[in-house]
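The following exercises concern a single protein chain and its ligand. Each task is followed by a solution that proceeds step by step.

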Amino acid sequence: MEIKNENLSPLGKYEQGMSWNPVEKVIMERRSIRSFKKEPLPDSMIRRILEAGRFAPSAGNMQPWKFIVVKSPEMLAEMEKDAVKVAKFFMFFIDYTRGNILRRLYILSWVKWVIRFLKNELQPVPFGLMSQIAQDKTPIFHGAPTIILLVEDKRGVSSPPTDIGICGQNMVLAAHSMGAASCWIGLVKLLMYLPKWRKKFGIKYPYCLNDCIAFGWPNPKADGIVPREVQLVQWYDKGLNDAPRVERQGE
Ligand SMILES: Cc1cc2nc3c(=O)[nH]c(=O)nc-3n(C[C@H](O)[C@H](O)[C@H](O)COP(=O)(O)O)c2cc1C
């Protein structure tokens, strides 16, 4: 039987120069929103978002994830308070950007080793954000009325963190397609330094907290567009021994 494009895609077939289809539009227009209305999304909508995550592909179809929905305002406030405490604790020891010159020089003399060891966690962006959280300048969950914790099962095939990333992306795209706002909150992991939260969420081997996504209705004051780098993409489309053609992807 001949397989036609139309049978594979409910959106029809690709044509050169066509405008974004609805799925592409959702991908292109989604933004991280850091300002939410107080009113939470209805549970029925949260379930649909969860369903989009549940249907994500994963290596070996292992589905190495568990989802935890937190809507309780009391609990969210406690998590926020505790994350600030942990951020303050870390920043007291490693923030080489604040304090008098002697303190800065002393911290700088050894903190570079800590940064080398925790290079992803303490890269300048999360470092700056953690410093803001420690100073109570930025709320970790941006006042979102709902968060979904993405718990990773380390026994997944190949790369469970990749599977979780795909799963979360499905969720944020589904949310955006329904007019909801979302923001990934990687710094939620600060809470895992406190046994209280690990116990509460039952996070112990083989599980770990991979990430979290905040959801809600967007407040009008959304962030502006965050630029993307132009990618220099290598195309190997000639012979085996030919050099690749390098094409600029993006404006
Ligand atoms: C895994 C991951 C973790 C993130 N953690 C945070 C976070 O802790 N706080 C935050 O405000 N934004 C966080 N973000 C959002 C990014 O800053 C944002 O996606 C990026 O700046 C691009 O902007 P856009 O999502 O609006 O396109 C995270 C994004 C990802 C994918």
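**Exercise 1.** Determine what percentage of the residues of the protein chain count as buried.

*Solution.* The model is a predicted one. The protein chain has 251 residues, of which 23% count as buried. Along the principal axes, the C-alpha trace spans about 70 × 50 × 40 Å.

**Exercise 2.** State how many helices and strands the protein chain contains, and in what pattern they follow one another.

*Solution.* The count gives eight helices and six strands. Read along the sequence, their pattern is α-α-α-β-α-α-α-β-α-β-α-β-β-β. As for the contacts with a separation of 6 or more, 76% of them join residues that are 24 or more positions apart.

**Exercise 3.** Identify the domains of the protein chain and describe the contact between them.

*Solution.* Step one is the division: domain 1 covers 39-70 + 142-216, and domain 2 covers 78-134. Step two is the separation of their centres, which is 26 Å when taken over C-alpha atoms. Step three is the contact, to which domain 1 gives seven residues and domain 2 gives nine residues. On the side of domain 1 that touches domain 2, six residues are nonpolar, one is polar and none is charged.

**Exercise 4.** Explain where the largest nonpolar core lies with respect to the two domains.

*Solution.* This core has 43 residues, and Ala83, Ile147, Ile185, Ile213 and Phe215 are those with the most contacts inside it. Among the elements that give two or more residues to the core are α4 (73-94), α6 (124-134), β2 (146-153) and β4 (207-216). Because domain 1 and domain 2 both give residues to the core, it lies between them. Ala83 illustrates the packing: leaving aside residues up to four places away in sequence, Ala83 touches Ile133, Ile140, Leu187, Leu190 and Leu191.

**Exercise 5.** Decide whether Trp110 is buried or exposed.

*Solution.* Trp110 is located in helix α5 (residues 101-117). A residue is exposed if 12 or fewer other C-beta atoms lie within 10 Å of its own. Trp110 has 12 such atoms within 10 Å, and is therefore exposed. Trp110 and Ile94 are 16 residues apart in sequence, with 9.0 Å between their C-alpha atoms.

**Exercise 6.** Name residues around the ligand and classify the shell that they form.

*Solution.* The residues around the ligand include Arg31, Ser32, Arg34, Cys183, Trp184, Ile185 and Asp211. By class, the shell consists of six nonpolar, two polar and three charged residues. Ile185, one of the residues around the ligand, is also among those with the most contacts inside the largest nonpolar core.

Key:
Residues are numbered from 1 along each chain as its sequence is written. This is a predicted model: local features need pLDDT of at least 70, side-chain atom pairs count only at pLDDT 80 or more; totals for chains, interfaces and linings use all residues. A residue is near a molecule or strand if its C-beta atom, placed from the backbone, lies within 6 Å of it. Ala, Val, Leu, Ile, Met, Phe, Trp, Tyr, Cys and Pro count as nonpolar, Asp, Glu, Lys and Arg as charged, and the others, Gly among them, as polar. A nonpolar core is a set of buried Ala, Val, Leu, Ile, Met, Phe, Trp, Tyr and Cys residues joined through C-beta atoms within 7 Å. A residue is buried if 20 or more other C-beta atoms lie within 10 Å of its own, exposed if 12 or fewer, and partly exposed in between; C-beta atoms are placed from the backbone. Helices (H or I, at least four residues) and strands (E, at least two) are DSSP runs, numbered from the N terminus. Domain bounds come from an automatic or database domain assignment. Two residues are in contact if their C-beta atoms, placed from the backbone, lie within 7 Å.
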